[in-house]
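Reader: Please take a single part of this model and examine it closely. I should then like to see it set in the context of the whole chain, in one connected account.

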Amino acid sequence: MPKVKVDGVEIEVPQGATVLQACELAGKEIPRFCYHERLSIAGNCRMCLVEVKPGPPKPQASCALPAAENQEIFTNTPMVKHAREGIMEFLLINHPLDCPICDQGGECDLQDQSIAYGRGHSRFDENKRAVTEKYMGPIVKTVMTRCIQCTRCIRFAEEVAGVEEIGAIYRGENMQITSYLEEAVTSELSGNVVDLCPVGALTSKPYAFEARPWELRKTLTIDVMDAVGTNIRLDSRGRQVLRAVPRVNDDVNEEWASDKTRHAVDGLVRKRLDRPYVRRDGKLHAVTWDEAFAAIAAVDHGGAVAAVAGDLVDCETMFAAKALLKGLGSSLLEGRQTGMDYDTSSLAAVNFNTTIAGTEEADAILLVGTNLRWEAPLVNTRIRKAIKKGAKVFAVGPETELTYKVDWLGADLSVLGKLPERVTEAFGKAAKPMVIVGGAALKGAHGAALGLVETLGLVKDAASTGSGQGWNGFNVVHMAASRMGGLMLGYAQTAGISALYDAKLTFFLGADECDHARFTGFKVYVGHHGDRGAHHADVILPGASYAEKSGTFVNLEGRVQRGERAVFPPGDAREDWTIFRALSERLGQTLPFDTLDELRAAMALDCPELATLGLKTFAWSAPALGTTAEGVLDGYPIKDFYLTNAICRASPTMQRCSAELVHGESFAEAAE
C-alpha cells in the first residue's frame with residue numbers, strides 16, 4: 001500500500017486509489033462536481049485541483065491522478081486556493097442568478113462550493129448563454145441553462161442504468177446535455193440523475209415548486225414497491241409525503257432508487273379509505289368502527305377463517321392477523337395472492353441466497369423466467385456490474401431488453417433438463433455460478449431449477465452456507481415487499497391460495513391482486529386504498545400505508561429491516577395491527593399485546609428471525625421435488641412496471657409514466 005503525505009500527515013492508501021481518495025482518507029474535504037464514487041472518472045470540472053510533489057509546478061485534478069509512493073499532497077496552499085477560485089469563476093460565467101426559484105436551492109453543491117471556494121464578486125459583464133429546455137419524460141424536469149456539463153447524468157445512464165439515451169451535443173461553451181432526439185428517457189431508474197446533478201439543471205418534475213428542503217420533516221423508512229427493500233427517506237410536510245429519496249446502503253440499493261419508489265408517493269393522498277364501510281343491499285355505506293366490528297362478529301364462520309396478505313403489508317400486520325386467526329382456531333394463511341403455489345418447506349429454496357451485493361461476484365449467471373429490469377431493477381444493476389467483471393449471462397424466457405447482453409436459450413422450460421453445452425461449459429469454469437428464478441417459472445419449474453444446484457455446482461461448502469459462509473448460487477426473485485416476511489410467518493398453504501376459497505370469513509390485508517370472486521364467504525378488506533380489494537369487500541376497515549406506520553419488512557435476500565412512520569393516516573384510518581387488536585376484543589379472542597413493542601416481542605417468540613435486524617441466512621436444504629419442467633413461457637408476471645399496486649394505480653405520476661413509457665403515448669412539453 002502506497003504511503004503518501006497529505007498536508008504533512010502521512011497515511012497509507014489502498015493500491016489504485018486516487019489522490020482525491022487519499023485526501024478523503026486523511027480527513028480533507030475536496031470540492032468536486034463531476035467526480036462520483038460510483039461512476040467512472042471524467043475529470044472535466046477541474047474543481048478538485050490540488051498541488052502534488054513531485055510533479056509539474058501546477059495544480060492537478062486529484063480525481064484522475066493515481067496516488068503513488070512518497071507523494072506529497074497539498075490541499076490548502078495559495079496556488080490551490082487561487083486555482084479553485086478561478087475554476088468557480090468560470091463555472092459561474094453562464095450560470096443564471098435564479099437560486100430563489102430553483103428547486104435545487106438548499107441542496108445545491110454549486111451554492112455550497114461557491115460560498116466555500118469562490119470569489120466574493122464577479123468580473124464578467126457579458127451576456128450569459130441561454131439554452132433551450134430539453135424533454136426527458138414525465139420524471140425529469142430540465143433547466144439546461146444551469147448545466148455545468150459535469151456529465152454525471154450521461155455516465156449514470158450508460159454505466160448504471162444501461163440505457164444510453166442521454167448524451168452531449170456540440171463542443172466547448174456550446175455543449176448541451178440532451179436525451180436522444182429529445183424524447184423521454186425510458187429507464188426505470190431515470191430519477192437518479194436528479195440526485196446526481198450537482199446544480200438545478202435536472203430536477204424532479206412531479207416535485208417541482210412543491211417545497212424547500214428546510215420545510216420538510218425527514219423520516220427513515222423502507223420502500224415497499226418491490227422486494228429489494230430499498231432504504232429510503234420520506235420527506236413530509238404536515239400530513240402529506242412530498243417526496244421519497246434513497247438512502248445509502250451498499251448491501252441493498254447502494255444509493256439508487258427506482259422511479260416507482262421515488263414518485264408513487266403522490267398516490268398516498270388519492271383514492272384513500274378514511275372510514276369504515278359495510279355493504280348493505282349491494283352498496284357500501286359509511287359506518288362507525290363499532291358497527292363494522294359488529295358486522296364481522298355476526299358472521300357464523302365455524303372456525304373457517306382465512307387471511308390473505310397483500311404485497312405491501314408489514315410483518316406486524318401479518319402477525320396480528322395470524323394471532324387472531326389462531327385464537328379463532330384457524331391457520332388458513334396465504335401471501336401468494338396471484339396464485340403461485342411453489343414449495344415453501346425450505347426457506348433457503350425460496351430465498352435470494354447469493355445476496356444482492358454478492359451478485360456482483362458471480363461469473364456465470366442463468367436467468368429463469370425473470371424480467372429483472374422490472375421485477376428488481378436494483379438487482380439488475382448488480383448484474384451489469386458482474387458483466388463488467390467478465391460474467392456471462394444466459395436466460396430462459398421470452399426475449400426482452402435487460403440493458404445488457406444476454407444469451408437467450410428460448411422460452412421452453414424443458415431446456416432446464418438438458419442445457420446447451422456452451423452453458424454447462426461456462427458454469428463448469430465458474431468459481432461462483434448463479435441461477436436466478438423468477439415468478440414466471442417458479443410455479444412450474446421450481447423443482448427443475450433446484451435440480452440445477454447439483455448439475456451446475458451452485459452450492460459450495462454446503463455445510464457452512466447456513467452461517468453465511470461458502471457460496472450459494474441458487475436464488476429466487478420475489479416481487480412483493482411482504483413475501484419473505486410472510487413466508488417466515490407461515491403465510492403459505494400447500495395447495496396455494498385455492499385452499500382459502502371456501503373460508504366462511506376472509507381477511508384481505510391490502511390484497512388487491514387476487515381473484516376476489518373466487519372467495520365464497522364474507523370478505524373483510526383491511527387496507528388503505530379504494531382499489532380492487534375494496535370493491536369486492538363486505539366490510540372495509542381503513543388501514544395505514546407504509547408511510548403511516550412503523551413496520552418490519554424482510555427483503556428478497558432475507559434481510560430484516562424496519563421503517564418509521566412519516567405521517568398519520570387520514571380520517572378514521574388506523575394502523576393495521578391496532579385494528580386487529582380492537583377487533584379481537586369484539587370477537588372474544590383478545591390479543592396479548594397493547595403496544596407495538598409488546599407485539600414485536602410476541603412476534604419474536606413466534607418467529608425468532610424477526611427479533612433482530614440484519615441479514616438472515618438459511619441453512620441449505622432443497623426439498624425433494626419433481627425435476628422435470630415443461631411448457632413455454634409466454635410472458636412475465638409484471639405487465640406494467642408503473643402500475644403494480646394500489647398506491648401506484650392512484651398516482652398521477654405513475655399513470656403518466658405508464659401511458660408514455662409503456663404504452664407509447666406521446667406528451668408535448670407545451671402541454672405540461
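**A loop position and its setting**

Author: T617 has a relative accessible area of 39% and is therefore partly exposed, a class that lies between buried (under 20% relative accessible area) and exposed (over 50%), as judged with a 1.4 Å probe and protein chains only. The model is a predicted one, with residues numbered from 1 along each chain as its sequence is written; local features need pLDDT of at least 70, and side-chain atom pairs count only at pLDDT 80 or more. Totals for chains, interfaces and linings use all residues, and side-chain values use heavy atoms, with hydrogens and water left out.

T617 sits in the loop that joins β29 (614-615) to α17; helices here are DSSP runs of H or I with at least four residues, strands are runs of E with at least two, and both are numbered from the N terminus. G558 lies 59 residues away from T617 along the chain, yet the two C-alpha atoms are separated by 7.0 Å.

The helix that ends this loop, α17 (646-650), is one of two elements against which the buried residues of α18 pack, the other being α6; contact means heavy atoms within 4.5 Å. Helix α18 covers residues 652-662, and eight of its 11 residues are buried, so the helix is largely enclosed by the rest of the structure. The buried positions of α18 are T653, M654, R656, C657, S658, A659, E660 and L661. After α18 comes G664, with a positive phi near 80°.

Other loops hold backbone features of their own. Most residues other than glycine have a negative phi, and most peptide bonds are trans. Q149 has a positive phi near 55° although it is not glycine, and it belongs to the loop between β6 (140-142) and α4 (152-161). With a relative accessible area of 18%, Q149 is buried. D281 also has a positive phi near 55° and is a residue other than glycine; its loop runs between β13 (277-280) and β14 (283-286). D281 is exposed, at 83% relative accessibility. The peptide bond from K53 to P54 is cis, with omega near -5°, and P54 lies in the loop between β3 (49-53) and β4 (60-61).

The chain as a whole has 18 helices and 29 strands. Its radius of gyration is 27 Å, close to the 26 Å that the globule rule gives for 672 residues, so the chain is as compact as a globular protein of that length; the radius is taken over C-alpha atoms, and the rule is 2.2 Å times the number of residues to the power 0.38. Along the principal axes, the C-alpha atoms fill a box of roughly 85 × 60 × 50 Å. Of the 672 residues, 60% are buried. Among contacts with a separation of 6 or more, 69% join residues 24 or more positions apart. The chain exposes about 27200 Å², of which carbon and sulfur atoms supply 50%, by the Shrake-Rupley method with a 1.4 Å probe.

Open and closed spaces complete the picture. On a 1 Å grid over the protein atoms alone, a pocket is an open set of points with protein on both sides within 12 Å along at least five of seven lines, a cavity is a set where a 1.4 Å probe fits but cannot get out, and lining residues have an atom within 4 Å of a point. Points are joined across faces, edges and corners, and a volume is the space filled by probe spheres set on them.

The largest pocket has a volume of about 910 Å³. Its lining comprises 40 residues, with Q104, E107, V194, D195 and L196 nearest the centre. Helix α6 (259-263), already met beside α18, is among the elements that each supply at least two residues of this lining, while α3 gives the largest share, five residues. The second largest pocket has a volume of about 630 Å³ and is lined by 33 residues, among them D311, T338, M479, P637 and I638, which lie nearest its centre. The largest share of that lining, three residues, comes from α12.

As for closed spaces, there are six cavities of 30 Å³ or more, and the largest has a volume of about 80 Å³. It is lined by 13 residues, with C147, C150, C153, C197 and A201 nearest the centre.
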